[in-house]
Amino acid sequence: ITSEPNVLIEKRGRVTLLTLNRPHALNALNEATMNDLVAAATAADADPEVGAVVITGSAKAFAAGADIKEMAAKDYMEMYSSDWFRNWENLTRLRIPMIAAVSGFALGGGCELAMMCDFIIAGDNAKFGQPEINLGVLPGMGGSQRLTRAVGKAKAMDMILTGRMMNAEEAERSGLVARIVPADDVVEEAVQAAEVIASKSKPVAMIAKEAVNAAFETGLVQGVLFERRLFHSVFATEDQKEGMAAFVDKRTPEFKNR
Ligand code: CO8
């Protein structure tokens with residue numbers, strides 16, 4: 001018997017498209033799927049031919065959460081000793097830009113996975129939620145932290161304490177989602193956005209991502225100083241020379257993408 005892979009890996013030019021592939025379980029994120037997804041994204045991060053990653057699911061579900069059936073019977077020591085789901089941290093340490101293309105349900109760990117990406121493009125059918133409270137637990141893959149940073153305390157408390165879902169419009173209005181597109185186009189739109197990113201200088205894109213992420217970890221004065229130092233540093237790249245020369249010459253820049 002050949003079993004279906006948990007994650008489909010497709011290279012489209014300079015973009016790697018990673019598709020969660022457990023449709024029978026609405027892409028519930030079990031341990032194997034986490035490991036496969038993190039490994040595939042890590043390989044893309046290390047590949048000089050790849051400039052951006054898109055993570056997506058199916059039309060019905062980006063991912064309906066961590067796999068409840070896999071977790072249900074575990075006791076405290078099993079969770080603690082294995083540091084259950086720690087590997088997700090490795091995804092958030094990657095430097096390559098990552099876009100979540102969300103169609104349908106992004107619930108619990110699915111919403112948290114989308115929020116680990118750099119931004120979310122949502123289909124107009126998307127539904128976001130942290131329904132863990134209904135299972136007698138709480139978000140465990142960063143939801144209480146990243147949702148609060150994305151949408152603020154009021155909405156985060158509302159979502160996490162009641163377990164209700166947000167539709168795409170509310171999610172965009174609240175700052176969780178960058179763009180809403182027709183549901184059928186969500187993967188193509190995300191791949192196109194990723195292609196735009198991948199056409200820029202890869203090191204400069206990675207540095208820009210690092211600068212934005214620093215906004216969540218530092219005070220304003222330190223953050224602005226960090227940005228200025230990074231700004232100075234990109235003058236060591238050929239891509240800065242090419243980008244500015246191309247502007248002056250009124251032509252399209254040809255970044256080395258490396
Ligand atoms: N885990 C396992 N199986 C799931 C999950 C899940 N999260 N979600 C759906 N499935 C399965 C269903 O059991 C069903 O399987 P089967 O056909 O064998 O019965 C199949 O997928 C289809 O699902 P439904 O029949 O329920 O489909 P509906 O269209 O009726 O409903 C819903 C769709 C509303 C999305 C519904 O499936 C649902 O509520 N799912 C659970 C959502 C949820 O509670 N998510 C949070 C999970 S907990 C979590 O994510 C914690 C993350 C942090 C962990 C960190 C550890 C350190």
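## The sheet at the centre of this tour

Let's begin with the sheet: 6 strands form an open sheet in the order β1-β2-β3-β5-β7-β10, and the pairing is mixed. Its edge strands are β1 and β10 (179-181), each of which pairs on one side only. On average, neighbouring strands are turned by 20° against each other, direction ignored. Axes here are lines fitted to C-alpha atoms, for helices over the stretch in contact, with angles from 0 to 180 degrees between N-to-C directions.

A few words on the background will help. This is a predicted model, in which local features need pLDDT of at least 70 and side-chain atom pairs count only at pLDDT 80 or more, while totals for chains, interfaces and linings use all residues. Residues are numbered from 1 along each chain as its sequence is written, and side-chain values use heavy atoms, with hydrogens and water left out. Helices (H or I, at least four residues) and strands (E, at least two) are DSSP runs, numbered from the N terminus. Two strands pair if DSSP finds at least two bridges between them.

## Strand β2 and its partners

Is β2 (residues 15-20) mostly covered or open? Mostly covered: 6 of its 6 residues are buried, where buried means under 20% relative accessible area (1.4 Å probe, protein chains only). In a regular strand the side chains alternate between the two faces of the sheet. In β2, V15, L17 and T19 lie on one side and T16, L18 and L20 on the other, and all are buried.

Strand β1 (residues 7-12) runs antiparallel to β2, joined by 6 bridges; R12 has V15 as its bridge partner. The two strands form a hairpin with 2 residues between them, and G13 in the turn has a positive phi of about 60°. With strand β3 (residues 52-56), β2 runs parallel through 5 bridges, and L18 stands opposite I55.

## Helices on the sheet

Helix α1 (residues 31-46) lies across β1, β2 and β3, running at about 175° to β2. Helix α8 (residues 186-198) also packs on the sheet, touching β1, β2, β3, β5, β7 and β10. Contact means heavy atoms within 4.5 Å.

## Around the ligand

Which residues come nearest to the ligand? Of the 23 residues around it, these are K60, A64, A66, I68 and G109; a residue counts as near if one of its heavy atoms lies within 4 Å. A polar side-chain atom of K60 lies 2.6 Å from an oxygen atom of the ligand, and one of K69 lies 3.0 Å from a ligand oxygen atom.

Notes. Buried < 20%, exposed > 50% of the residue type's maximum accessible area, 1.4 Å probe, protein only. Polar contact = N/O pair within 3.5 Å; in protein donor to acceptor, adjacent residues only side chain to side chain.
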